[in-house]
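User: Could you take a close look at one part of this model for me, the protein surface that faces the DNA? I would like a connected picture rather than a list.

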Amino acid sequence: MPELPEVETVVRDLRPQLTGRRLIAIHSSKAQLRRHWPIRAIRHLIQARIASLHRRGKWIVVLCDDGQGIRFHLGMTGQLTVVPGSEPLPDHLHWWAELDNGYQWRFRDIRRFGSVEWFAHGQEALAELDRKLGPEPLNLPSGHLKAVAAQSQRCLKAVLLDQTIIAGVGNIYADEALFEAALHPARLARSLQTSEWDRLQRAVRRVLRRAIAARGSTIRNYVGGSGLQGRYQQRLNVYGREGLPCLHCGHPIVRQYLAGRSTHYCAYCQR
DNA sequence: AAGTCTCCCTGAGTGC
DNA sequence: TGCACTCAGGGAGACT
(Lines give C-alpha, C1' and ligand atoms only; values in the text may rest on other atoms or scores of the structure.)
Protein backbone atom coordinates (compact mmCIF):
# COMPACT_ATOMS: atom_id res chain seq x y z
CA MET A 1 0.00 0.00 0.00
CA PRO A 2 2.02 2.91 -1.22
CA GLU A 3 1.97 5.89 1.11
CA LEU A 4 4.40 8.79 1.21
CA PRO A 5 7.57 6.76 2.03
CA GLU A 6 6.85 4.22 -0.69
CA VAL A 7 6.02 6.86 -3.30
CA GLU A 8 9.13 8.84 -2.34
CA THR A 9 11.23 5.68 -2.78
CA VAL A 10 9.75 5.07 -6.23
CA VAL A 11 10.52 8.64 -7.30
CA ARG A 12 14.09 8.46 -6.00
CA ASP A 13 14.63 5.16 -7.81
CA LEU A 14 13.14 6.38 -11.08
CA ARG A 15 14.76 9.81 -11.16
CA PRO A 16 18.22 8.70 -12.36
CA GLN A 17 16.71 6.16 -14.77
CA LEU A 18 14.24 8.53 -16.43
CA THR A 19 15.71 12.03 -16.31
CA GLY A 20 16.97 13.04 -19.76
CA ARG A 21 15.44 10.01 -21.50
CA ARG A 22 13.31 10.42 -24.60
CA LEU A 23 9.97 8.61 -25.04
CA ILE A 24 10.02 6.56 -28.24
CA ALA A 25 6.65 4.79 -27.99
CA ILE A 26 3.81 4.58 -25.51
CA HIS A 27 1.25 1.84 -25.00
CA SER A 28 -1.83 1.72 -22.83
CA SER A 29 -4.09 -1.22 -22.07
CA LYS A 30 -7.82 -1.30 -22.61
CA ALA A 31 -8.59 -2.05 -18.99
CA GLN A 32 -10.04 1.02 -17.34
CA LEU A 33 -8.04 2.64 -14.58
CA ARG A 34 -9.55 5.23 -12.26
CA ARG A 35 -8.85 8.00 -14.74
CA HIS A 36 -9.07 7.94 -18.48
CA TRP A 37 -5.83 8.10 -20.43
CA PRO A 38 -6.64 10.19 -23.53
CA ILE A 39 -5.52 8.47 -26.71
CA ARG A 40 -4.24 11.73 -28.22
CA ALA A 41 -1.77 12.00 -25.38
CA ILE A 42 0.35 9.28 -26.93
CA ARG A 43 0.82 11.26 -30.15
CA HIS A 44 1.88 14.36 -28.22
CA LEU A 45 4.35 12.56 -25.98
CA ILE A 46 6.32 10.73 -28.65
CA GLN A 47 9.84 12.19 -28.75
CA ALA A 48 9.28 14.19 -25.57
CA ARG A 49 12.26 14.23 -23.22
CA ILE A 50 11.80 13.73 -19.48
CA ALA A 51 13.03 16.70 -17.50
CA SER A 52 12.10 16.04 -13.87
CA LEU A 53 10.17 13.85 -11.42
CA HIS A 54 8.19 15.18 -8.48
CA ARG A 55 6.28 13.72 -5.55
CA ARG A 56 3.37 15.57 -3.94
CA GLY A 57 1.57 13.59 -1.23
CA LYS A 58 1.05 10.15 -2.74
CA TRP A 59 1.10 11.51 -6.30
CA ILE A 60 3.93 11.40 -8.84
CA VAL A 61 4.27 14.05 -11.53
CA VAL A 62 6.73 13.66 -14.41
CA LEU A 63 7.52 16.81 -16.40
CA CYS A 64 8.86 16.81 -19.94
CA ASP A 65 11.17 19.50 -21.29
CA ASP A 66 8.44 20.77 -23.64
CA GLY A 67 6.09 21.38 -20.69
CA GLN A 68 3.89 18.28 -20.97
CA GLY A 69 3.33 16.20 -17.85
CA ILE A 70 2.23 12.75 -16.78
CA ARG A 71 0.68 12.23 -13.36
CA PHE A 72 0.47 8.87 -11.59
CA HIS A 73 -1.27 7.60 -8.49
CA LEU A 74 -0.27 4.12 -7.35
CA GLY A 75 -3.56 3.40 -5.58
CA MET A 76 -3.24 0.21 -3.60
CA THR A 77 -1.16 -2.00 -5.84
CA GLY A 78 0.45 0.28 -8.41
CA GLN A 79 4.05 -0.44 -9.45
CA LEU A 80 6.09 2.03 -11.48
CA THR A 81 9.38 0.55 -12.69
CA VAL A 82 12.05 0.84 -15.39
CA VAL A 83 13.22 -2.50 -16.78
CA PRO A 84 15.11 -3.75 -19.86
CA GLY A 85 12.74 -3.82 -22.84
CA SER A 86 13.52 -7.50 -23.33
CA GLU A 87 11.73 -8.47 -20.11
CA PRO A 88 8.40 -10.19 -20.81
CA LEU A 89 5.32 -8.10 -20.20
CA PRO A 90 3.71 -9.04 -16.87
CA ASP A 91 -0.04 -9.33 -16.32
CA HIS A 92 -1.96 -6.26 -15.08
CA LEU A 93 0.33 -3.96 -17.08
CA HIS A 94 -1.72 -0.87 -17.96
CA TRP A 95 0.70 1.64 -19.38
CA TRP A 96 4.27 1.48 -20.63
CA ALA A 97 6.69 3.67 -22.52
CA GLU A 98 9.70 2.64 -24.58
CA LEU A 99 12.74 4.75 -23.78
CA ASP A 100 15.58 5.78 -26.09
CA ASN A 101 18.01 3.47 -24.30
CA GLY A 102 16.09 0.24 -24.90
CA TYR A 103 14.51 0.21 -21.45
CA GLN A 104 10.79 0.28 -20.70
CA TRP A 105 9.03 2.44 -18.14
CA ARG A 106 6.08 0.41 -16.86
CA PHE A 107 2.96 1.03 -14.80
CA ARG A 108 1.45 -2.17 -13.43
CA ASP A 109 -1.58 -2.18 -11.13
CA ILE A 110 -3.32 -5.35 -10.04
CA ARG A 111 -6.39 -3.82 -8.41
CA ARG A 112 -6.63 -0.83 -10.72
CA PHE A 113 -7.11 1.73 -7.98
CA GLY A 114 -4.26 3.71 -9.48
CA SER A 115 -4.32 6.26 -12.28
CA VAL A 116 -2.30 7.70 -15.17
CA GLU A 117 -3.15 11.15 -16.52
CA TRP A 118 -1.70 13.28 -19.27
CA PHE A 119 -1.36 17.07 -18.97
CA ALA A 120 -0.54 19.38 -21.87
CA HIS A 121 0.83 21.68 -19.19
CA GLY A 122 2.50 19.56 -16.54
CA GLN A 123 2.81 22.41 -14.09
CA GLU A 124 -0.98 22.44 -13.93
CA ALA A 125 -0.84 18.86 -12.60
CA LEU A 126 1.27 20.09 -9.69
CA ALA A 127 -0.76 23.25 -9.19
CA GLU A 128 -3.96 21.25 -8.99
CA LEU A 129 -2.44 19.05 -6.28
CA ASP A 130 -1.28 22.12 -4.38
CA ARG A 131 -4.82 23.45 -4.46
CA LYS A 132 -6.44 20.34 -3.07
CA LEU A 133 -3.80 18.80 -0.79
CA GLY A 134 -2.54 19.89 2.60
CA PRO A 135 1.19 20.58 3.15
CA GLU A 136 3.92 17.96 2.99
CA PRO A 137 4.34 16.28 6.40
CA LEU A 138 8.15 16.33 6.29
CA ASN A 139 8.26 20.10 6.51
CA LEU A 140 5.04 21.12 8.22
CA PRO A 141 4.88 24.66 9.53
CA SER A 142 5.11 24.36 13.31
CA GLY A 143 1.69 24.23 14.91
CA HIS A 144 0.05 23.27 11.61
CA LEU A 145 -2.01 20.33 12.86
CA LYS A 146 -3.40 22.28 15.77
CA ALA A 147 -4.13 25.26 13.56
CA VAL A 148 -6.21 23.29 11.05
CA ALA A 149 -7.77 20.56 13.19
CA ALA A 150 -8.13 21.81 16.76
CA GLN A 151 -11.85 22.60 16.23
CA SER A 152 -12.58 19.35 14.40
CA GLN A 153 -15.15 16.92 15.77
CA ARG A 154 -13.41 14.02 14.09
CA CYS A 155 -11.11 11.45 15.67
CA LEU A 156 -7.34 11.66 15.25
CA LYS A 157 -7.23 8.74 12.86
CA ALA A 158 -9.62 10.53 10.49
CA VAL A 159 -7.60 13.75 10.77
CA LEU A 160 -4.32 12.03 9.82
CA LEU A 161 -5.91 10.26 6.85
CA ASP A 162 -7.40 13.50 5.48
CA GLN A 163 -5.17 14.48 2.55
CA THR A 164 -6.40 18.07 2.70
CA ILE A 165 -4.93 18.38 6.21
CA ILE A 166 -1.58 16.74 5.51
CA ALA A 167 -0.68 14.99 2.27
CA GLY A 168 0.78 11.50 2.06
CA VAL A 169 -0.17 9.75 5.31
CA GLY A 170 -2.17 6.54 4.80
CA ASN A 171 -3.46 3.81 7.04
CA ILE A 172 -0.13 2.25 8.02
CA TYR A 173 1.73 5.42 8.97
CA ALA A 174 -1.31 7.00 10.63
CA ASP A 175 -1.42 4.06 13.04
CA GLU A 176 2.35 4.11 13.55
CA ALA A 177 2.46 7.85 14.17
CA LEU A 178 -0.35 7.66 16.74
CA PHE A 179 1.51 4.90 18.57
CA GLU A 180 4.71 6.93 18.46
CA ALA A 181 2.84 9.93 19.90
CA ALA A 182 1.10 7.72 22.53
CA LEU A 183 -2.29 9.04 21.42
CA HIS A 184 -5.45 6.95 21.08
CA PRO A 185 -6.69 6.93 17.46
CA ALA A 186 -10.30 7.48 18.58
CA ARG A 187 -9.45 10.63 20.58
CA LEU A 188 -11.46 13.60 19.34
CA ALA A 189 -9.24 16.19 17.70
CA ARG A 190 -10.87 19.01 19.66
CA SER A 191 -9.83 17.39 22.95
CA LEU A 192 -6.07 17.67 22.34
CA GLN A 193 -3.75 19.97 24.26
CA THR A 194 -1.17 22.03 22.40
CA SER A 195 1.62 19.78 23.66
CA GLU A 196 -0.20 16.74 22.30
CA TRP A 197 -0.57 18.32 18.86
CA ASP A 198 3.16 19.04 18.87
CA ARG A 199 3.90 15.47 19.88
CA LEU A 200 1.71 14.12 17.08
CA GLN A 201 3.25 16.38 14.47
CA ARG A 202 6.76 15.34 15.49
CA ALA A 203 5.73 11.67 15.52
CA VAL A 204 4.35 11.85 11.98
CA ARG A 205 7.58 13.34 10.72
CA ARG A 206 9.79 10.87 12.58
CA VAL A 207 7.86 7.81 11.42
CA LEU A 208 7.87 8.95 7.79
CA ARG A 209 11.59 9.80 7.85
CA ARG A 210 12.47 6.38 9.27
CA ALA A 211 10.23 4.64 6.74
CA ILE A 212 11.82 6.49 3.82
CA ALA A 213 15.26 5.46 5.10
CA ALA A 214 14.06 1.83 5.02
CA ARG A 215 12.61 2.24 1.50
CA GLY A 216 9.04 1.99 2.81
CA SER A 217 6.96 -1.02 3.84
CA THR A 218 6.13 -3.97 1.62
CA ILE A 219 2.89 -5.48 2.92
CA ARG A 220 1.76 -7.24 -0.22
CA ASN A 221 2.56 -5.87 -3.62
CA TYR A 222 4.67 -2.79 -3.16
CA VAL A 223 8.02 -2.53 -4.91
CA GLY A 224 10.22 0.51 -5.45
CA GLY A 225 11.16 1.89 -8.86
CA SER A 226 14.02 -0.56 -9.08
CA GLY A 227 11.77 -3.50 -8.19
CA LEU A 228 13.19 -3.83 -4.64
CA GLN A 229 10.87 -4.40 -1.70
CA GLY A 230 10.77 -2.13 1.36
CA ARG A 231 12.07 -3.08 4.80
CA TYR A 232 10.02 -0.94 7.17
CA GLN A 233 7.32 -3.62 7.59
CA GLN A 234 9.81 -5.33 9.95
CA ARG A 235 9.79 -2.27 12.21
CA LEU A 236 6.05 -1.61 12.47
CA ASN A 237 4.90 -1.28 16.07
CA VAL A 238 1.15 -1.71 15.66
CA TYR A 239 0.02 -2.00 12.03
CA GLY A 240 -0.83 -5.61 11.19
CA ARG A 241 0.05 -6.79 14.72
CA GLU A 242 -3.45 -7.45 16.09
CA GLY A 243 -3.29 -9.76 19.11
CA LEU A 244 0.52 -9.64 19.30
CA PRO A 245 2.16 -8.11 22.39
CA CYS A 246 2.91 -4.40 22.29
CA LEU A 247 6.67 -4.03 21.87
CA HIS A 248 6.63 -1.38 24.59
CA CYS A 249 4.35 -2.76 27.34
CA GLY A 250 3.40 -6.30 26.30
CA HIS A 251 -0.36 -5.74 26.21
CA PRO A 252 -2.01 -7.15 23.09
CA ILE A 253 -2.42 -4.83 20.10
CA VAL A 254 -6.08 -4.05 19.43
CA ARG A 255 -7.70 -3.67 16.03
CA GLN A 256 -10.77 -1.50 15.62
CA TYR A 257 -12.63 -0.15 12.59
CA LEU A 258 -12.23 3.63 12.64
CA ALA A 259 -12.69 6.33 10.00
CA GLY A 260 -13.50 3.59 7.50
CA ARG A 261 -10.19 1.82 7.97
CA SER A 262 -8.93 -0.95 10.21
CA THR A 263 -6.98 0.74 12.97
CA HIS A 264 -4.30 -0.83 15.19
CA TYR A 265 -3.21 0.49 18.57
CA CYS A 266 -2.10 -0.40 22.07
CA ALA A 267 -4.94 0.40 24.47
CA TYR A 268 -2.43 0.66 27.33
CA CYS A 269 0.22 2.91 25.75
CA GLN A 270 -2.19 5.09 23.78
CA ARG A 271 -4.67 7.01 25.91
C1' DA B 1 -20.53 22.82 5.97
C1' DA B 2 -18.65 19.06 7.89
C1' DG B 3 -18.42 14.45 8.43
C1' DT B 4 -19.58 9.60 6.97
C1' DC B 5 -20.57 6.03 3.74
C1' DT B 6 -20.21 3.48 -0.67
C1' DC B 7 -18.00 2.05 -4.52
C1' DC B 8 -14.33 0.53 -7.50
C1' DC B 9 -10.94 -3.97 -8.00
C1' DT B 10 -8.30 -8.64 -7.54
C1' DG B 11 -5.45 -11.86 -5.00
C1' DA B 12 -4.58 -13.93 -0.66
C1' DG B 13 -6.28 -16.17 3.10
C1' DT B 14 -9.81 -18.91 5.60
C1' DG B 15 -13.23 -22.40 6.53
C1' DC B 16 -15.80 -26.29 5.24
C1' DT C 1 -8.78 -30.41 -3.89
C1' DG C 2 -12.21 -27.16 -4.69
C1' DC C 3 -15.31 -23.82 -3.80
C1' DA C 4 -17.51 -19.76 -1.53
C1' DC C 5 -16.67 -16.18 1.12
C1' DT C 6 -14.17 -12.20 3.38
C1' DC C 7 -10.79 -8.79 3.63
C1' DA C 8 -7.36 -5.23 2.29
C1' DG C 9 -7.81 0.44 1.33
C1' DG C 10 -7.07 5.61 -1.68
C1' DG C 11 -9.87 8.71 -3.43
C1' DA C 12 -14.20 10.40 -5.67
C1' DG C 13 -18.61 11.39 -5.14
C1' DA C 14 -23.06 10.63 -2.92
C1' DC C 15 -25.34 11.10 1.13
C1' DT C 16 -26.74 12.75 5.93
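Analyst: Happy to. A residue counts as near a strand if one of its heavy atoms lies within 4 Å of it. The model is predicted, so to speak with care: local features need pLDDT of at least 70, side-chain atom pairs count only at pLDDT 80 or more, and totals for chains, interfaces and linings use all residues. Residues are numbered from 1 along each chain as its sequence is written, chains are lettered from A and ligands numbered from 1 in the order in which they are written, and side-chain values use heavy atoms, with hydrogens and water left out.

Let us begin with DNA strand C. There are 16 residues around this strand, and Arg-35, His-73, Phe-113, Arg-255 and Arg-261 come nearest. Of the strand C atoms that come within 4 Å of the protein, sugar and phosphate make up 56%. The surrounding surface holds 8 charged residues (Asp, Glu, Lys and Arg), 4 nonpolar ones (Ala, Val, Leu, Ile, Met, Phe, Trp, Tyr, Cys and Pro) and 4 polar ones (the others, Gly among them).

Some polar contacts (pairs of N or O atoms within 3.5 Å) can be picked out here. The side chain of Tyr-239 has an N or O atom 2.7 Å from a phosphate oxygen of strand C, and for Lys-58 the corresponding distance is 3.4 Å. Arg-111 reaches a base instead: a polar side-chain atom lies 2.9 Å from a base nitrogen.

Now to DNA strand B. Its surroundings comprise 10 residues, with Arg-34, His-92, Arg-112, Phe-113 and Gln-153 nearest. Phosphate oxygens of this strand lie 2.4 Å from a polar side-chain atom of Arg-112 and 2.7 Å from one of His-92.

Methods
Polar contact = N/O pair within 3.5 Å; in protein donor to acceptor, adjacent residues only side chain to side chain.
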